[in-house]
Amino acid sequence: MRLPGKLALITAAASGMGQAGCELFAREGASVVAVDIDAARLDEVVRSVLQAGGQAHGIVADMLDAEACQRIVEEAAAHLGGLDIVWNHAGMPSMRGIEGLALSDYARCMDLNVRSGLLVTAAALPHLRRRGGGSVVFTASMAGLVGLATSPVYTAAKSAVVGLVKSLAVRHARDNIRVNAVCPGPIDTPMYRQFLDPGPDPAAAADLLARSLAPVPMRRLGQPMEVAHAALWLASDDASFVTGAALPVDGGFTAH
């Protein structure tokens with residue numbers, strides 16, 4: 001086991017990569033608090049982990065609510081008895097240009113992709129220090145490493161996440177708190193399917209998928225568990241000398 005006895009908080013945990021992370025972290029020995037806005041799906045994930053012999057507890061919260069971002073940390077730490085690991089996975093896509101962009105849409109994207117993780121981490125730092133240090137993982141994106149013409153605001157948000165990770169890593173290294181990011185490419189999740197929604201035409205959907213995979217050397221979508229394994233490594237002591245890293249999990253997209 002890579003996380004025996006560790007106490008972990010994972011946001012956006014009811015589907016996709018977050019769900020895979022809950023299942024994997026628990027299987028590797030961590031007690032997990034899973035957070036999501038979807039109460040029904042969250043309950044399914046927690047029940048699945050418990051049935052597999054793991055330890056999990058769910059908290060329903062809207063990560064766009066600033067107070068909720070801080071509340072979940074206190075609830076998680078109280079339930080677990082502390083915190084060793086935080087995976088800030090909450091985020092959302094934004095597939096459009098900037099002409100005619102509503103400021104409310106811009107704020108929503110920036111708040112969920114950047115502010116939520118910032119607030120969760122700020123609230124978690126005292127708990128991590130009390131445990132002698134720990135690991136914080138953010139979900140950025142390949143869009144945080146290269147410019148994506150299809151999503152300028154999302155690119156800006158995930159670039160901000162990468163910058164935040166680097167700054168926090170330097171600032172908190174002496175606290176024995178490591179801060180890193182996973183940068184997924186095209187992963188087969190509900191959120192990625194939002195990027196690939198051309199309407200009801202199956203042929204158009206297949207064409208859009210083929211075009212989205214053309215720049216990916218491995219020519220396939222990644223799987224949520226592949227990202228979860230990368231996050232697991234960053235969260236574990238196997239990565240004890242790794243901080244400030246933005247790890248691509250993108251089939252080679254950013255290697256061009």
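**Exercise 1. How are helix 1 and helix 8 oriented relative to each other?**

*Solution.* Start with the geometry in this predicted model. The axes of helix 1 (residues 16-27) and helix 8 (residues 224-235) come within 8 Å and cross at roughly 50°. Next, recall the cut-offs: an angle under 35 degrees would count as roughly parallel, and 65 to 115 as roughly perpendicular. The crossing fits neither class, and helix 1 and helix 8 are therefore oblique to each other. To finish, add the hand: the crossing of the two helices is right-handed.

**Exercise 2. Which residues of helix 1 and helix 8 meet, and what classes do they belong to?**

*Solution.* Take helix 1 to begin with: its side of the contact includes Gly16, Met17, Ala20 and Leu24, along with Glu23 and Arg27. Now turn to helix 8, where the partners include Pro224, Met225, Val227, His229 and Leu232. Sorted by class, the contact has 11 nonpolar, 3 polar and 2 charged residues.

**Exercise 3. How many cavities of 30 Å³ or more are there, and what lines the largest cavity?**

*Solution.* The count comes to 1 cavity of 30 Å³ or more. Its volume is about 60 Å³. Now look at the walls: 13 residues line this cavity, and the closest to its centre are Asn88, Ala90, Asn113, Ser116 and Gly117. Then find the elements on your structure: helix 4 (103-130), strand 5 (134-139) and helix 5 (152-172) each give two or more residues to the lining. Helix 4 gives the most, with 4 residues. Last, sort the lining by class, which yields 5 nonpolar, 7 polar and 1 charged residues.

Definitions and conventions. Residues are numbered from 1 along each chain as its sequence is written. This is a predicted model: local features need pLDDT of at least 70, side-chain atom pairs count only at pLDDT 80 or more; totals for chains, interfaces and linings use all residues. Side-chain values use heavy atoms; hydrogens and water are left out. Axes are lines fitted to C-alpha atoms, for helices over the stretch in contact, and angles run from 0 to 180 degrees between N-to-C directions. Angles under 35 degrees count as roughly parallel, over 145 as roughly antiparallel, 65 to 115 as roughly perpendicular and the rest as oblique. A crossing is left-handed if the near helix is turned anticlockwise from the far one by less than a right angle, and right-handed if clockwise. Contact means heavy atoms within 4.5 Å. Ala, Val, Leu, Ile, Met, Phe, Trp, Tyr, Cys and Pro count as nonpolar, Asp, Glu, Lys and Arg as charged, and the others, Gly among them, as polar. On a 1 Å grid over the protein atoms alone, a cavity is a set of points where a 1.4 Å probe fits but cannot get out, and a pocket is an open set with protein on both sides within 12 Å along at least five of seven lines; lining residues have an atom within 4 Å of a point. Grid points are joined across faces, edges and corners, and a volume is the space filled by probe spheres set on the points.
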